[in-house]
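The exercises below are to be worked with the sequence and the coordinates side by side. Each task is followed by a solution that proceeds step by step.

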Amino acid sequence: MAPRRAAHSREATGAQEEPRRGASGLLQAARAAAERAYAPYSGMNIGAAVRTVKGGVYTGCNVENASYGLTSCAERNAIFAAVAGEGPAMRIAELAIHANANSAPPCGACRQVIREFGPEAKVIFPLDGEARTITVPELLPLPFRLS
Ligand SMILES: [Zn+2]
């Protein structure tokens, strides 16, 4: 897909959305967030939606930068919005990812952050064109830990 230029200002959204029930509702929230992605370099628009253990739903989209290393992933943006909304005790129950691509498993950095806030979470992401649901230990079997 050709890179897409932002027509207007876009940013990660930390706005709490109406909590929706079920994985399909969470995927819809992730899809809506992906529509707000700022991805002029990769053309890969990604949205993530976190449902917290308390039932809150928070979304994020990827926000790229001309200095590539400054790019921030949808998953981490959604998780950080959830922490901002609920505080440091926030825990992830489910995290759903939508992308305009057949496959979009979380990157290594996001896996570590998902593990920090959701060791028991379910993670839903597109893999070869289908929604795949896996556990965090499957996603990151040996996380980094401060001992
Ligand atoms: Zn990532």
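**Exercise 1. Locate Ala78 in the predicted model, decide whether Ala78 is buried or exposed, and list its contacts beyond four places in sequence.**

Step 1. In this predicted model, Ala78 is found in helix 2.

Step 2. Within 10 Å of Ala78 there are 30 other C-beta atoms, and because a residue is buried at 20 or more, Ala78 is buried.

Step 3. Once neighbours within four places in sequence are set aside, the contacts of Ala78 are Ala48, Ala49, Val50, Tyr58, Thr59 and Gly60.

Step 4. As a check on distance, Ala78 and Leu95, which are 17 residues apart in sequence, have C-alpha atoms 8.9 Å apart.

**Exercise 2. Compare the span of helix 2 with its expected value, and state which elements cover its buried residues.**

Step 1. Helix 2 has 13 residues, for which 1.5 Å a residue gives an expected span of 18 Å; its end C-alpha atoms are 18 Å apart, so the two values agree.

Step 2. The buried residues of helix 2 are Ala74, Glu75, Arg76, Asn77, Ala78, Ile79, Ala81 and Ala82, and the elements that cover them include helix 1, strand 2, strand 3, strand 4 and helix 3.

Step 3. Just beyond the end of helix 2, Gly87 adopts a positive phi of about 95°.

**Exercise 3. Determine how the buried residues of helix 1 are arranged around its axis.**

Step 1. Helix 1 consists of 13 residues and reaches 19 Å from its first C-alpha to its last, which is close to the 18 Å expected at 1.5 Å a residue.

Step 2. Its buried residues are Leu26, Leu27, Ala29, Ala30, Ala33 and Ala34.

Step 3. Viewed down the axis of helix 1, these buried residues fall within an arc of 160°, and therefore line one face of the helix.

Step 4. The general background is that an α-helix has 3.6 residues a turn, so residues three or four places apart point the same way.

Step 5. On the other side of helix 1, Gly22 and Ser24 are exposed.

**Exercise 4. Describe the largest nonpolar core and the contacts of Val50, one of its members.**

Step 1. The largest nonpolar core has 38 residues, of which Ala30, Ala48, Ala49, Val50, Ile97 and Ile114 touch the most other members.

Step 2. Among the elements that give two or more residues to this core are strand 2 (46-52), strand 3 (57-61), strand 4 (92-99), helix 3 (108-117) and strand 5 (122-127), while helix 1 gives the most, with six residues.

Step 3. Leaving out neighbours within four places in sequence, Val50 is in contact with Val57, Tyr58, Ala78, Ile79, Ala82, Ile92 and Leu95.

**Exercise 5. Establish how far strand 4 is enclosed and how strand 4 pairs with strand 2 and strand 5.**

Step 1. Seven of the eight residues of strand 4 are buried, so the rest of the structure largely encloses this strand.

Step 2. Strand 2 and strand 4 run antiparallel and are joined by seven bridges, with Gly47 standing opposite His98 in strand 4.

Step 3. Strand 4 and strand 5, by contrast, run parallel and are joined by three bridges; here Leu95 stands opposite Val123 in strand 5.

**Exercise 6. Examine two loop residues, Asn62 and Asp128, and decide for each whether it is buried or exposed.**

Step 1. Asn62 lies in the loop between strand 3 and helix 2, and Asn62 counts as buried because it has 26 C-beta neighbours inside 10 Å.

Step 2. Beyond four places in sequence, Asn62 is in contact with Ala37, Ala39, Ile46, Thr71, Ser72, Cys73 and Ala74; its C-alpha atom is also separated by 8.9 Å from that of Ala33, 29 residues apart along the chain.

Step 3. Asp128 is placed in the loop between strand 5 and strand 6 (130-135), and with 7 other C-beta atoms within 10 Å Asp128 is exposed.

Step 4. The phi of Asp128 is near 50°, a positive value in a residue other than glycine.

**Exercise 7. Summarise the chain as a whole, together with the confidence of the prediction.**

Step 1. The protein chain has four helices and six strands, which follow one another from the N terminus as β-α-β-β-α-β-α-β-β-α.

Step 2. Of the 147 residues in the chain, 39% are buried.

Step 3. The mean pLDDT is 89, and 86% of the residues reach 70 or more, whereas pLDDT stays under 50 over residues 1-17.

Key
Residues are numbered from 1 along each chain as its sequence is written. This is a predicted model: local features need pLDDT of at least 70, side-chain atom pairs count only at pLDDT 80 or more; totals for chains, interfaces and linings use all residues. A nonpolar core is a set of buried Ala, Val, Leu, Ile, Met, Phe, Trp, Tyr and Cys residues joined through C-beta atoms within 7 Å. A residue is buried if 20 or more other C-beta atoms lie within 10 Å of its own, exposed if 12 or fewer, and partly exposed in between; C-beta atoms are placed from the backbone. Two residues are in contact if their C-beta atoms, placed from the backbone, lie within 7 Å. pLDDT is the predictor's confidence in each residue, from 0 to 100. The expected span of a helix is 1.5 Å times one less than its number of residues. The arc is that of the directions from the helix axis to the C-beta atoms. Two strands pair if DSSP finds at least two bridges between them.
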